[in-house]
Structure formats: C-alpha cells, structure tokens
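Colleague: Please take a close look at the empty spaces in this model and at what surrounds them. I would like one connected account that a first-year student can follow.

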Amino acid sequence: MKLNAEILNEQNRRFIKTHEPEYHFLADKLEKRGVDIKQIIEKVQELQVAIPSWALGAGGTRFGRFSYQGEPASLEDKISDVGLIHALTNTAGAISLHIPWDVPGDVKAIKELAASLGIEFDAVNSNTFQDQPNMKKSYRFGSLCNTDSAVRELAIQHNLEVIDIGKKLGSKSLTVWLADGSNFPGQHNFQEALQNTQDSLQHIYKSMPDDWKLFVEYKPYEPNFYSTVIQDWGTSLMLAEACGDRAYTLIDLGHHLPNTNIEQIVATLMMKGKLGGFHFNDSKYGDDDLTVGSVKPYSLFLIWNELVYGMENNSNNPIPAWMIDASHNIKDPLEDLLQSLEAIQIAYVQALLVDQNGLREAQRQQDVTLSQEILQDAFRTDVRPLIREARLLSNAALEPLLTYRALNLRGQLIKERGSYTVASGL
Ligand code: LRH
Ligand code: MN
C-alpha cells in the first residue's frame with residue numbers, strides 16, 4: 001500500500017484552518033525571542049528515526065500475545081509499513097533489521113522496494129539470544145561469553161553473517177545486544193565471561209568493513225536475572241574502547257534500573273565521543289518497551305537537552321543513530337509508532353528551544369532557580385505547530401494519527417493481508 005501526495009493533501013485540507021493560526025502564533029512568539037524558526041524546521045525534517053523491523057506486529061510477554069490483524073507477514077510487508085509511517089510523518093526514513101527474523105530473500109527487490117519508499121537500512125541486529133533450528137550447540141549458557149569456545153565461534157560467525165547481509169542492503173552498522181549472563185550466584189566467573197565477550201567482540205569488530213560502526217547495547221537484567229555480562233554503560237564503554245574508534249555504546253532507554261539519571265549518561269558518553277546510538281521507548285518499571293514519552297516525557301526532554309548540547313559541543317561524537325525499540329502488546333503497532341515518533345520530535349524541538357547560553361550563564365552564576373526556569377520554559381512550550389509545519393512543508397500529513405484513522409489504513413491492511421498474518425519478531 002502506498003500513500004500518494006493527493007490523498008495526503010486532501011486530508012491536510014481538513015486541518016489547515018486550525019494549523020495556520022496556531023503555527024503563526026507560535027512562530028511570532030519564538031521569533032520575537034530570536035529563535036530561528038526556519039532552522040528548527042530544517043532540523044525536524046533532517047531527523048530520521050529508524051523503525052525496528054521486529055516491532056511492526058503485535059508484541060507479547062511470557063504471559064501471552066494478542067495478535068493484531070493485518071500484521072506484516074514478510075520483510076516486504078514490513079518495509080511497506082515503514083513506508084506508510086514515513087509517508088505520514090517524513091521522519092521514519094529507515095528500518096533496522098533483526099537477523100534471522102528478517103533475512104532478505106531477493107536482496108535486489110528488497111532494496112528497490114525500500115528505495116521506492118525513501119527507506120534506508122539502518123543498523124542490522126544480530127541474535128545470539130535464541131537457538132536456531134539445527135544448531136549444533138546452544139546459547140543456553142551464553143554466546144560470546146560462553147565457556148565453550150565452539151559456542152563463542154558459532155556466535156562470532158553469526159555476527160559476520162549479519163554483517164554480510166547488512167553490506168548487501170547498504171547498512172553501515174551492527175548492533176550487538178547480548179542476553180549473556182547468569183541466573184544464580186556462582187554460575188559465572190564474571191572475569192572470564194567478560195574477557196571472552198571482549199575477545200569475541202574484538203574479533204567481530206576486526207571483521208567489519210572500514211566504514212562500519214559497531215554499537216554495543218547494554219542491559220542490567222532479563223532474560224538473565226542474577227548477572228548480565230554487558231550490564232551497564234560503563235561496561236559497554238569499556239568494550240567499545242577495547243574494540244576501537246568505530247565501536248560505540250548504544251543506549252536503550254528501557255535498559256536502566258529505576259531512577260537512573262540517563263541524561264547524565266548521555267552527557268558522559270558524548271563527552272567521551274562514544275555515544276553511537278539510541279533505542280527510544282519508555283518504561284515504568286523494567287524493559288517495558290512502552291510508547292516513547294508515554295510515562296516520563298520530562299526525562300525524554302532532559303535527554304534530548306543533553307543530546308542537543310552534545311551535538312553542538314562534542315565534535316568528537318558522531319551524530320547518534322536514532323532508532324525506536326518498542327513492543328506493542330495492546331495497541332495498533334503503526335499507531336504506537338506514530339505516537340513514538342511524535343514524542344521524539346516534540347522532545348527534540350523543545351530541547352532546541354532551550355536558551356543554552358542563558359542556561360550556561362545561570363549555571364556559572366549558580367542561579368539554580370533560573371537554570372530550572374530556562375529548562376522548564378522550553379519543556380512547557382507546545383511545539384506541535386512547528387512539527388506540523390515541518391511535515392506540511394515535506395508533503396507529509398499534518399495529523400499522521402488522525403489521517404491514518406480517517407483513511408482506515410489498518411482496515412485496508414487487513415483487506416490486503418487477512419486477519420491472521422503474524423509478523424516475525426518478539
Ligand atoms: C533487548 C533489546 C535489543 C533487541 C531486542 C529486540 O531487550 O532491546 O535491542 O535485540 O530488544
Ligand atoms: Mn533495544
């Protein structure tokens with residue numbers, strides 16, 4: 001299914017009368033404060049967030065999964081769903097594949113389909129947290145950390161195969177997240193597990209093309225519940241440094257113990273030039289993979305404030321790879337992703353409105369109240385008219401979610417695919 005400009009223009013005509021006065025009111029207010037509206041709109045249009053191929057169907061937990069009708073049953077369907085989201089938002093111009101859940105059959109056809117929808121291939125993800133049929137060995141006791149060198153070799157080979165698939169598709173980065181860890185005290189020799197993991201990652205890093213990046217994703221627990229080899233940002237940073245200049249840490253917002261100050265981690269890793277990528281989602285307790293900005297929007301804003309500061313002051317850190325990593329257990333996956341993209345754009349634009357010089361001066365003056373007021377003024381600004389204008393100027397939908405519903409796109413997907421298709425993934 002492809003959305004053409006005429007259909008979107010017709011939908012936008014429904015909202016333009018409300019949008020224009022709201023946009024001009026905000027633009028006038030901000031321009032009076034010296035804000036370069038044009039520059040902010042360009043930055044919104046440049047922001048491209050990769051959609052995870054494993055989150056286009058319904059997600060589940062160990063307690064069950066409620067499938068969603070019209071799910072994409074093939075990689076082609078998944079790419080076309082990302083195409084829909086991108087046509088509606090102009091901010092989802094990439095897909096992040098998970099191997100072996102999304103091994104492309106006809107690479108040429110897959111690339112042509114993606115290109116026709118303006119979709120690029122972001123980081124590819126390896127999977128050594130599930131055993132595959134006919135595997136000679138098991139990852140039950142870990143993969144790159146395993147005490148059995150044959151299992152480590154198997155996991156290394158899998159990562160090299162994932163890189164090969166990524167090369168064919170034009171991807172330029174590999175994300176490694178390891179479930180590796182232990183469930184009981186005494187099960188692991190922590191030092192051996194970490195050393196094995198470091199040696200294995202260095203092997204994978206050396207096998208990557210020279211223009212590729214390696215993202216090392218950390219997580220404190222699950223599926224192991226006593227220890228995880230790559231448990232936190234410090235361990236991920238150590239491993240990235242042990243690999244080399246093109247190895248970076250990857251922050252998944254859900255991979256932090258309650259009340260962790262993630263924005264400080266962002267500042268620390270950007271200062272080190274080692275923040276490579278993000279998996280955006282939200283959570284109340286654990287790795288809940290909820291809609292971005294649905295539980296802790298102020299925390300998301302504070303994270304983007306550090307990202308904006310870092311992108312202006314840390315030239316040693318590359319522009320991070322922006323990706324969503326969520327699981328849609330009860331909502332329409334496409335609606336959930338539309339909401340997540342909007343939340344990311346809102347937090348980014350609010351962060352762009354922070355008077356960084358005024359904040360630095362207030363911090364130097366140790367004027368705590370003023371520092372707070374400067375931040376909260378930006379967070380309390382409804383920036384949605386600016387984001388709508390950015391979409392309008394890029395021929396996307398003024399109101400992506402309302403347009404998705406008005407066009408009954410889920411209904412059309414069900415008509416096309418039937419009610420019982422199931423997407424590969426979590
Ligand atoms: C692990 C994780 C990782 C993916 C998986 C689907 O929790 O965040 O990024 O491999 O989810
Ligand atoms: Mn993740």
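Modeller: What follows goes through a pocket, two helices beside it, two cavities and some unusual backbone. The model is a predicted one, and every value below is computed from it.

Rolling a probe the size of a water molecule over the atoms shows where empty space is left. In this model, the second largest pocket holds about 640 Å³ of space. Its lining is made up of 31 residues. Those nearest the centre of the pocket are Gln-48, Ile-319, Pro-320, Ala-321 and Trp-322. Sorted by class, the lining of this pocket has 17 nonpolar residues, six polar ones and eight charged ones.

Several elements give two or more residues each to that lining. The helices are helix 2 (37–46), helix 9 (297–313) and helix 10 (333–352). The strands are strand 5 (120–121), strand 9 (213–217) and strand 13 (321–324). Helix 9 contributes the most, with four residues.

Helix 9 and helix 10 both serve as wall here, and the way they are placed can be described further. Their axes come within 8 Å and cross at roughly 55 degrees. An angle from 65 to 115 degrees would count as roughly perpendicular and one under 35 degrees as roughly parallel, so helix 9 and helix 10 are oblique to each other. The crossing of helix 9 with helix 10 is right-handed.

Helix 9 turns up again in the cavities. A cavity differs from a pocket because the probe fits inside but cannot get out. The structure has four cavities of 30 Å³ or more. In the largest cavity there is about 80 Å³ of space. Helix 9 supplies three residues to the lining of the largest cavity, the largest share. The lining residues include Ser-299, Leu-300 and Ile-303, along with Leu-253, Ile-262 and Lys-296. Asn-281, Asp-282 and Ser-283 also belong to the lining. By class, four of the residues around the largest cavity are nonpolar, three are polar and two are charged.

The second largest cavity has about 60 Å³ of space. Among the residues that line it are Lys-219, Pro-220, Tyr-221 and Glu-222. Others in the lining are Gly-254, His-255, His-256, Leu-257 and Pro-258, and also Tyr-285, Gly-286 and Asp-287. This lining divides into five nonpolar, four polar and three charged residues.

Glu-222 deserves a further word, as its backbone is unusual. Most residues other than glycine have a negative phi, and most peptide bonds are trans. Glu-222 has a positive phi, near 75 degrees. The peptide bond from Glu-222 to Pro-223 is cis, with omega near 10 degrees. Glu-222 lies in the loop between strand 9 and strand 10, and Pro-223 is in the loop between strand 9 and strand 10 (227–228). Strand 9 is also one of the elements in the wall of the second largest pocket.

Another cis peptide bond runs from Ile-99 to Pro-100, with omega near 15 degrees. Pro-100 sits in the loop between strand 4 (94–96) and helix 4 (107–116).

Finally, there is a record to set beside the model. An unreviewed UniProt entry lists residues 105–289 as "domain: Xylose isomerase-like TIM barrel". Over residues 105–289, the chain is 37% helix and 16% strand. The C-alpha atoms at the two ends of residues 105–289 are 29 Å apart.

Notes
Residues are numbered from 1 along each chain as its sequence is written. Chains are lettered from A and ligands numbered from 1 in the order in which they are written. This is a predicted model: local features need pLDDT of at least 70, side-chain atom pairs count only at pLDDT 80 or more; totals for chains, interfaces and linings use all residues. Side-chain values use heavy atoms; hydrogens and water are left out. On a 1 Å grid over the protein atoms alone, a cavity is a set of points where a 1.4 Å probe fits but cannot get out, and a pocket is an open set with protein on both sides within 12 Å along at least five of seven lines; lining residues have an atom within 4 Å of a point. Grid points are joined across faces, edges and corners, and a volume is the space filled by probe spheres set on the points. Ala, Val, Leu, Ile, Met, Phe, Trp, Tyr, Cys and Pro count as nonpolar, Asp, Glu, Lys and Arg as charged, and the others, Gly among them, as polar. UniProt positions are given in the numbering used here, feature names are shortened, and annotations may be inferred rather than shown by experiment. Axes are lines fitted to C-alpha atoms, for helices over the stretch in contact, and angles run from 0 to 180 degrees between N-to-C directions. Angles under 35 degrees count as roughly parallel, over 145 as roughly antiparallel, 65 to 115 as roughly perpendicular and the rest as oblique. A crossing is left-handed if the near helix is turned anticlockwise from the far one by less than a right angle, and right-handed if clockwise.
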